[in-house]
Amino acid sequence: MDTQHTADNKTLETATTRSQDSNSTSKSVKVLEAKYILPFILVGMLFPLWGFANDVTNPLVKAFKDIFLISNAQSSLVQFAFYLGYGIMAIPAAIFIRRFSYKSGIVLGLALYATGATLFIPASIYMEFTYFLAALWILTCGLALLETTANPYVLSMGHPDTATQRLNLAQAFNPIGSLAGMFVASSYILSELQVEEFREQERAANPEYAEMLPSAVDGKLTEALSNYAVTNPVEHQAMQAADLITVRGPYIAIAVIVSVLLLVFLFSKLPKTISNDNPLTVNELKQTFLRLIGNGRYREGVIAQAFYVGAQIMCWTFVIHYGMTSVGLTASEAQQYNMVAMGIFLCSRFICTFLLGFIRPGNLLMVLALGGGVLTLGTIFIGGMLGLYCLIATSACMSLMFPTIYGIALKDTGDDASLASAGLVMAIVGGALMPPLQGTMIDGDSIIGSIPSVQTSFVLPLICFAVICFYGYRAKHKYMV
């Protein structure tokens, strides 16, 4: 009895000492320790890669609509194929990482990325829209592996108390790739398309279009292009072939860059921050899944992440449609505003990373989601240039959301982090489901009086911001994050 009592006292003293040490550490711990600087830089180089892929692909929704003469709903299948890879690959990626290592996940992810980008060559030769969708799907299976690996790897590179700040820091480099993707899309794809030259020639030949609403002009130009395909099929096919060669160019370039980076990782030594001695069995996978489902903060985080990605992809994909239909810009001009939005996003990401040192993540997430909702209301009801300004300003509010939701949801998941990360990456499938729905709304009639359907379709991002705001409130008040 006395021995047991003494042991209990020692255990209590040890626990108290550890608690005090933990409190002291949380106050003085660095965001990034010296031993992790080089690995952090190497892994950080991956973050711009999926930013580039996302934003060089977004304009293809509009480009493919005109090149293949398909509807907005059909062209939105570009986003469906692109983000479907995340939904399918995320869980297998987590199991693969648990079986092998973070490095193995990175290498395989880069290989799939390069393969998907290279497949743009046969897709452009055969001039088949479905082949491009297949290439994008393979490419994003690689992206799913990279994101499932890189995000939790960065979180594990140091003290848990600074994990969210560390991930925000790494994610801050993602917009650099996004800006590069937007620049390439604007300068080397949209501005070089022959179909855009055709539309400009039609504008010049019909001066009366200057007096018409932008949405009406867009319809007239699409009709003229359709008629040209019927009356001049050979010339139209030659136009298609030239434009598809233009589209494939950036993907060939990124395939080369990714292949070089693949070689860098093959011959680099990376720290091992998780054990791979005990790969997941079917029973362990089931138990882990049940634990995560029972974790309210994580479960709600996955839902919030799906709505966030949906909002981001819709706001960035359909800014071109908005600019052309509600303002009267060309596709290339509208894409310039997308680049401004990304610049705002990049600056805001660094600012928000700094603010997280003073404001609780849940609170900041809630406030910014509320701001995003207000700006989206301006996008819907104001229209014109001011509505476009509101739309690009939502990027300032979105900058914080992905890594912060990620960090909140993964907090205290321990050894379940790799599979939990996969669930959050799988939530990116929200980017596959929502854009086609918004495209269908744009194709249809307005749901709010005489307001153009391209504006009223942004009610979908508005709903997404409301869900994110609610999760921020729950994180702050229920989960104390």
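Which residues do ring pairs link into a cluster? In this structure, which I should say at once is a predicted model, ring pairs join Phe64, Phe68, Phe120, Phe129, Phe132 and Tyr251 into a cluster.

Let me turn to the pairs themselves, which is where I would like to spend most of the time. A pair of aromatic rings is described by how far apart the centres are and by the angle of the planes. The count for this model comes to 21 aromatic pairs. One of them is formed by Phe64 and Phe132, whose ring centres are 5.0 Å apart and whose planes are at 50°, so the pair is classed as tilted, given that the tilted class lies between the under 30 degrees of stacked rings and the over 60 of edge-to-face rings. Along the chain these two residues are 68 residues apart, with Phe64 in helix α4, residues 60-68, and Phe132 in helix α9, residues 129-155, and the pair therefore links distant parts of the chain. As for their surroundings, Phe64 is buried, with a relative accessible area of 0%, and Phe132 is buried with a relative accessible area of 0%.

Another tilted pair is the one between Phe198 and Tyr228, with 5.1 Å from centre to centre and 45° between the planes. This pair, too, links distant parts of the chain, since Phe198 belongs to helix α12, residues 194-205, and Tyr228 to helix α13, residues 214-231, the two being 30 residues apart. Phe198 has a relative accessibility of 9%, and because buried means under 20%, Phe198 counts as buried.

Finally, a charged residue over a ring: Arg99 lies over the face of Phe100, at 4.9 Å from the ring centre.

How values were computed
Residues are numbered from 1 along each chain as its sequence is written. This is a predicted model: local features need pLDDT of at least 70, side-chain atom pairs count only at pLDDT 80 or more; totals for chains, interfaces and linings use all residues. Side-chain values use heavy atoms; hydrogens and water are left out. Rings of Phe, Tyr and Trp (its six-membered ring) pair if their centres lie within 6.5 Å; planes under 30 degrees apart count as stacked, over 60 as edge-to-face and the rest as tilted. Helices (H or I, at least four residues) and strands (E, at least two) are DSSP runs, numbered from the N terminus. Buried means under 20% relative accessible area, exposed over 50%, partly exposed in between (1.4 Å probe, protein chains only). A charge sits over a ring if NZ of Lys or CZ of Arg is within 6 Å of the ring centre and within 35 degrees of the ring normal.
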